[in-house]
Amino acid sequence: MMFSKSLLLQCSNQLSTITRKELSISCLLNQQLNISNFGNRSFSNTNSLFVNNKKNSKNNSDITNTTTTTTPKRKKSIKTSKNNTTKKEQTIELISESIPVATTLDKENRYQKLYNDAIENFKLNQIDLAKEFLDRAIKLCPNKAEAILFRADINNKIRTDMDQDRTDSVVDYHRALELTPKEVHLSIYKALVKLYADCDITKSIYYLEKCTEIDPNNFRTFYELACASLSHDDIKKTLDVAKQLNEKNSLYGLLILALLSTQQENDDQALKLYNQVIQTEKNRMKQENSNNNNKNNNINNNNESQLFFNRYILAKEGNYDRLIDLDHQVENHILYNALIDSGEIYMRRESFKEAYKFYKEASELEPTFSYPFSQMGTACYYNNKFEEALRHFNKSLEIDGPFESYDSLETKMLRADILFRKGKLDEAYQDLDFVIKHHYRECDYNNLESSEVLTQIEMRTQLLERALECLVKKFQSTPIPDQSFDLKQLILDAPANLTQPPETLLEMFEKTTLLYQTYFEVFTALNENEIATDLVSRDLIQQRFQFFDFILATILDSVYLCHYQSFSIDYECFDPDVLFANYDEDKLSFERKQLHKNIFKIFNKVLKLL
């Protein structure tokens, strides 16, 4: 099964071109991840009890490898990150808060030491410890902007979870605006632009306008304002900005006109404009004897700043230490965008070979950006060049490192399909599980518009089916090794003959509900140390209740599709008889019926393994 071209392009179009490169305007997913993302349902029917799935929220600091401080007076030994060969092992003393402050100078010295220790620990990739020092510094001197601003940058930019709350960063940035001189406000406004870009585009536009007021000669900021306005369907403002830039002979004006042409489905006109920009910029670069290494030279000359997580440098802005986005160092931002946007048009046309050329040129221009590699991989995937696609996908994800993005979801979705074809089931399932957890979650059948629910169902159907296929093959090759708990007896003792193959979707739903409950209760007991077992068995138990959770999600989607115009679910009292009262398989599409046949086969294979 290859993922549908139209489906992927539909997913991709939902995250606009502007989203990928300039302003990510996708809505933030509102819930923290659970182990089971289609869970959290409860069933009151005596034959189908369903236990709510309650789990701790995801730890967003997995990449830091820090040591948690429990006693302020204790000395901490901070070891150099394995990936950092420029720093030797250090020992940094955490200053006790119990020491009385004798003088203002004493207090100032203590603050400065805490702040300096925060900077040094950040350079060692000890992010949590750096934030701990910053917290102490701010508590000691709440009106010092340096620590507040640097903490805001860390919380805003060093995020490994797309859903991570950014409220603390907003508060710190606004506090910094009160404490810093006006010449620093521009960089703070730019940080707020990016912070709000993927959760509140209106506020992002507000701060972009603030930036243009402070720096009216920065044409790139005007371009970003036009992109944000266009995504907000403010055509008038977009045209006004394009007119201003054209009057100033900036090629950004042509880029905006090209985006407007694309929105009006006039791709031929857009390509002409992009080609004009590309040729003009290439001629300028040739005349100036430029080269594609200018960006790296700029970074090296910037106080020899270290590169963090492939995307930030630590540098001074005024008198303040700031995390500077690597994309701010792009030497030819105009050419890069023209190349990427041209590639997007050819991708929509399914001219993958032509799209690849533009993405490749963009990757050569900016080799530290992940997006061109991701798109090269996508173009190769749809040209059936799977090995080459896999290389590009791996490169893209390597550049992203521990950071999550909406682009990485698409990348992992396609990489999972290639890994599945190669028989690498564990790796394929890890990618699929990542995508399902982060993007294609349980539909809110009751509160969303039917068109929105239908889109979500379409986007996740193939993912769920492929995840189920991965899991059943894994179960067949990897039985649970530790039988210190009698799992088979638990299943046999359930109030239904669970091992008997179901004949209807309702029967499969009831059996799945009970099986999920059984595995979930065992896994909960393992987590609470009521049952001792090895890690392999624990993981396999978790994957089994995820399997049945995915089956439930697929069944609920089918019931919704059967009569979505009058569909509603009582999540507190989930009665299968009520749910399936008006279910009619004949109302479903041929593709959905074929899916059911495959799901029954998969389900019955798992029953034989119980």
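Author: UniProt positions are given here in the numbering used for this structure, and annotations of this kind may be inferred rather than shown by experiment. The model discussed below is a predicted one.

Reader: Which residues does UniProt list for "repeat: TPR"?
Author: The listing comes from an unreviewed UniProt entry, where the feature appears under the name "repeat: TPR". In the predicted model, the span 370–403 is 79% helix and 0% strand, with its end C-alpha atoms 11 Å apart, and for the span 336–369 the values are likewise 79% helix, 0% strand and 11 Å. The residues listed in the entry are 336–369 and 370–403.

Reader: Which helix gives the largest share of the positive patch?
Author: The positive surface patch is made up of Lys473, Lys597, Lys601, Lys605 and Lys608. Four residues of this patch come from a single helix, spanning residues 590–609, and that largest share belongs to helix H25.

Reader: Is Lys608 buried or exposed?
Author: Lys608, one of the residues forming the positive surface patch, has its place in helix H25. A residue counts as exposed when its relative accessible area is over 50%. Because the relative accessibility of Lys608 is 75%, this lysine counts as exposed.

Reader: What distance separates the C-alpha atoms of Asp426 and Lys474?
Author: Asp426 is found in helix H19, which covers residues 425–438, and at 42% relative accessibility this aspartate counts as partly exposed. Along the chain, Asp426 and Lys474 are 48 residues apart, while the separation between their C-alpha atoms is 7.5 Å.

Key
Residues are numbered from 1 along each chain as its sequence is written. This is a predicted model: local features need pLDDT of at least 70, side-chain atom pairs count only at pLDDT 80 or more; totals for chains, interfaces and linings use all residues. Side-chain values use heavy atoms; hydrogens and water are left out. Helices (H or I, at least four residues) and strands (E, at least two) are DSSP runs, numbered from the N terminus. Patches are made of residues with over 30% relative accessible area and no salt bridge: like charges are joined within 9 Å, nonpolar side chains (Val, Leu, Ile, Met, Phe, Trp, Tyr) within 5 Å. Accessible areas come from the Shrake-Rupley method with a 1.4 Å probe; for residues, only the protein chains shown count as cover. A salt bridge is a side-chain nitrogen of Lys or Arg within 4 Å of a carboxyl oxygen of Asp or Glu. Lys and Arg count as positive and Asp and Glu as negative; His and the chain ends are not counted. The place of a charge is taken as NZ of Lys, CZ of Arg, CG of Asp or CD of Glu. Buried means under 20% relative accessible area, exposed over 50%, partly exposed in between (1.4 Å probe, protein chains only).
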